[in-house]
Amino acid sequence: MRQVLVLAAGIALAGAAWAHNCPNEMKAIDAKLSTKPTLSKANADKVAALRKSGEEHHKAGKHDASMKDLAEAKKLLGI
(Lines give C-alpha, C1' and ligand atoms only; values in the text may rest on other atoms or scores of the structure.)
Protein backbone atom coordinates (compact mmCIF):
# COMPACT_ATOMS: atom_id res chain seq x y z
CA MET A 1 0.00 0.00 0.00
CA ARG A 2 2.80 2.37 0.87
CA GLN A 3 4.42 1.87 -2.55
CA VAL A 4 1.15 2.73 -4.27
CA LEU A 5 0.87 5.95 -2.27
CA VAL A 6 4.48 6.89 -3.06
CA LEU A 7 3.89 6.20 -6.75
CA ALA A 8 0.67 8.24 -6.75
CA ALA A 9 2.42 11.14 -5.03
CA GLY A 10 5.27 10.99 -7.53
CA ILE A 11 2.87 11.10 -10.45
CA ALA A 12 0.97 14.00 -8.92
CA LEU A 13 4.16 15.97 -8.34
CA ALA A 14 5.40 15.25 -11.86
CA GLY A 15 2.10 16.48 -13.27
CA ALA A 16 2.29 19.63 -11.18
CA ALA A 17 5.86 20.28 -12.29
CA TRP A 18 4.86 19.81 -15.93
CA ALA A 19 1.88 22.15 -15.51
CA HIS A 20 3.96 24.83 -13.86
CA ASN A 21 6.64 24.71 -16.53
CA CYS A 22 4.41 26.62 -18.96
CA PRO A 23 5.61 30.00 -17.65
CA ASN A 24 9.25 28.96 -18.10
CA GLU A 25 8.54 27.91 -21.67
CA MET A 26 6.85 31.26 -22.34
CA LYS A 27 9.85 33.08 -20.85
CA ALA A 28 12.21 31.12 -23.13
CA ILE A 29 10.12 32.07 -26.17
CA ASP A 30 9.97 35.72 -25.10
CA ALA A 31 13.73 35.78 -24.54
CA LYS A 32 14.38 34.40 -28.01
CA LEU A 33 11.91 36.84 -29.57
CA SER A 34 13.68 39.72 -27.82
CA THR A 35 16.80 38.90 -29.87
CA LYS A 36 14.81 39.60 -33.06
CA PRO A 37 15.42 36.21 -34.72
CA THR A 38 15.25 36.00 -38.49
CA LEU A 39 11.89 34.45 -39.30
CA SER A 40 9.63 34.59 -42.31
CA LYS A 41 6.47 36.65 -41.82
CA ALA A 42 4.42 33.44 -41.81
CA ASN A 43 6.61 31.80 -39.14
CA ALA A 44 6.74 34.97 -37.03
CA ASP A 45 2.93 35.13 -37.10
CA LYS A 46 2.68 31.44 -36.25
CA VAL A 47 5.09 31.78 -33.31
CA ALA A 48 3.10 34.74 -31.98
CA ALA A 49 -0.18 32.82 -32.30
CA LEU A 50 1.26 29.71 -30.64
CA ARG A 51 2.75 31.78 -27.80
CA LYS A 52 -0.62 33.47 -27.21
CA SER A 53 -2.50 30.19 -27.42
CA GLY A 54 -0.05 28.55 -25.02
CA GLU A 55 -0.62 31.28 -22.48
CA GLU A 56 -4.40 31.09 -22.86
CA HIS A 57 -4.35 27.31 -22.42
CA HIS A 58 -2.15 27.69 -19.34
CA LYS A 59 -4.52 30.21 -17.76
CA ALA A 60 -7.44 27.86 -18.48
CA GLY A 61 -5.64 24.98 -16.77
CA LYS A 62 -5.10 23.09 -20.03
CA HIS A 63 -1.41 22.53 -19.47
CA ASP A 64 -0.94 19.70 -21.95
CA ALA A 65 -2.35 21.86 -24.75
CA SER A 66 -0.26 24.78 -23.55
CA MET A 67 2.96 22.77 -23.57
CA LYS A 68 2.17 21.42 -27.03
CA ASP A 69 1.69 24.90 -28.50
CA LEU A 70 4.73 26.30 -26.71
CA ALA A 71 6.89 23.39 -27.87
CA GLU A 72 5.85 24.02 -31.46
CA ALA A 73 6.70 27.73 -31.10
CA LYS A 74 10.11 26.83 -29.65
CA LYS A 75 10.76 24.46 -32.53
CA LEU A 76 10.04 27.22 -35.04
CA LEU A 77 12.42 29.47 -33.12
CA GLY A 78 15.13 26.81 -33.06
CA ILE A 79 15.19 26.43 -29.27
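What share of the contacts in the protein chain with a separation of 6 or more is accounted for by residues 24 or more positions apart? The share is 67%. The legends below refer to a predicted model.

**Figure 1. Overview of the helical protein chain in the predicted model.** The protein chain contains 4 helices and 0 strands. Read from the N terminus, its elements follow the order α-α-α-α. Of the 79 residues in the protein chain, 23% are buried. The accessible surface amounts to about 5,500 Å², and carbon and sulfur atoms contribute 62% of that surface. Residues 24 or more positions apart supply 67% of the contacts with a separation of 6 or more. Across the whole structure, 6 salt bridges are found; several of them appear in the views that follow.

**Figure 2. Helix 3, residues 41-59, with its buried and exposed residues.** Helix 3 has 19 residues, for which a span of 27 Å is expected at 1.5 Å a residue. The end C-alpha atoms of helix 3 are 27 Å apart, in agreement with that value. Val47, Leu50, Arg51, Gly54 and His58 are the buried residues of this helix. Viewed down the axis of helix 3, these buried residues fall within an arc of 100 degrees, so they line one face of the helix. Lys41, Ala42, Lys52 and Lys59 are exposed on the other side of helix 3. Glycine 61, just after helix 3, has a positive phi of about 80 degrees.

**Figure 3. Salt bridge between lysine 41 and aspartate 45 in helix 3.** The two side chains meet with an N to O distance of 3.0 Å. Lysine 41 and aspartate 45 are 4 residues apart in helix 3, so about one helical turn separates them. Lysine 41 is exposed, its relative accessible area being 63%. Aspartate 45 is partly exposed, with a relative accessible area of 40%.

**Figure 4. Glutamate 55, lysine 59 and the salt-bridge network that includes them.** Glutamate 55 and lysine 59 form a salt bridge in which the closest N and O atoms are 3.3 Å apart. The two residues lie 4 residues apart in helix 3, a separation of about one helical turn. Glutamate 55 has 26% relative accessibility and therefore counts as partly exposed. Lysine 59 is exposed, with a relative accessible area of 66%. The network of salt bridges links Asp30, Arg51, Glu55 and Lys59. Of these residues, Arg51 is one of the buried residues of helix 3.

**Figure 5. Salt bridge between lysine 46 in helix 3 and glutamate 72 in helix 4.** The closest N and O atoms of lysine 46 and glutamate 72 are 3.2 Å apart. This pair links distant parts of the chain, the two residues being 26 residues apart. Lysine 46 counts as partly exposed because its relative accessibility is 39%. Glutamate 72 is also partly exposed; its relative accessible area is 31%.

**Figure 6. Helix 4, residues 63-77, with its buried and exposed residues.** Helix 4 has 15 residues and extends 21 Å from its first C-alpha to its last, close to the 21 Å expected at 1.5 Å a residue. The buried residues of helix 4 are His63, Ser66, Met67, Asp69, Leu70, Ala73, Lys74 and Leu77. These residues cover an arc of only 165 degrees around the axis, so they are on the same side of helix 4. The exposed residues Asp64, Lys68 and Lys75 are carried by the face turned away from the buried side. Glycine 78 follows helix 4 and has a positive phi, near 80 degrees.

**Figure 7. Surroundings of lysine 74 in helix 4.** Lysine 74 has a relative accessible area of 17% and is therefore buried, the cut-off being under 20%. When residues up to four places away in sequence are not counted, lysine 74 touches Glu25, Ile29 and Ile79. The side chains of lysine 74 and glutamate 25 are joined by a polar contact of 2.8 Å. The C-alpha atom of lysine 74 is separated by 9.1 Å from that of methionine 26, and the two residues are 48 residues apart along the chain.

Terms used
Residues are numbered from 1 along each chain as its sequence is written. This is a predicted model: local features need pLDDT of at least 70, side-chain atom pairs count only at pLDDT 80 or more; totals for chains, interfaces and linings use all residues. Side-chain values use heavy atoms; hydrogens and water are left out. The expected span of a helix is 1.5 Å times one less than its number of residues. Buried means under 20% relative accessible area, exposed over 50%, partly exposed in between (1.4 Å probe, protein chains only). The arc is that of the directions from the helix axis to the C-beta atoms. Contact means heavy atoms within 4.5 Å. Accessible areas come from the Shrake-Rupley method with a 1.4 Å probe; for residues, only the protein chains shown count as cover. A polar contact is a pair of N or O atoms within 3.5 Å; within protein, one must be able to donate a hydrogen and the other to accept it, and residues adjacent in sequence count only if both atoms are side-chain atoms. A salt bridge is a side-chain nitrogen of Lys or Arg within 4 Å of a carboxyl oxygen of Asp or Glu.
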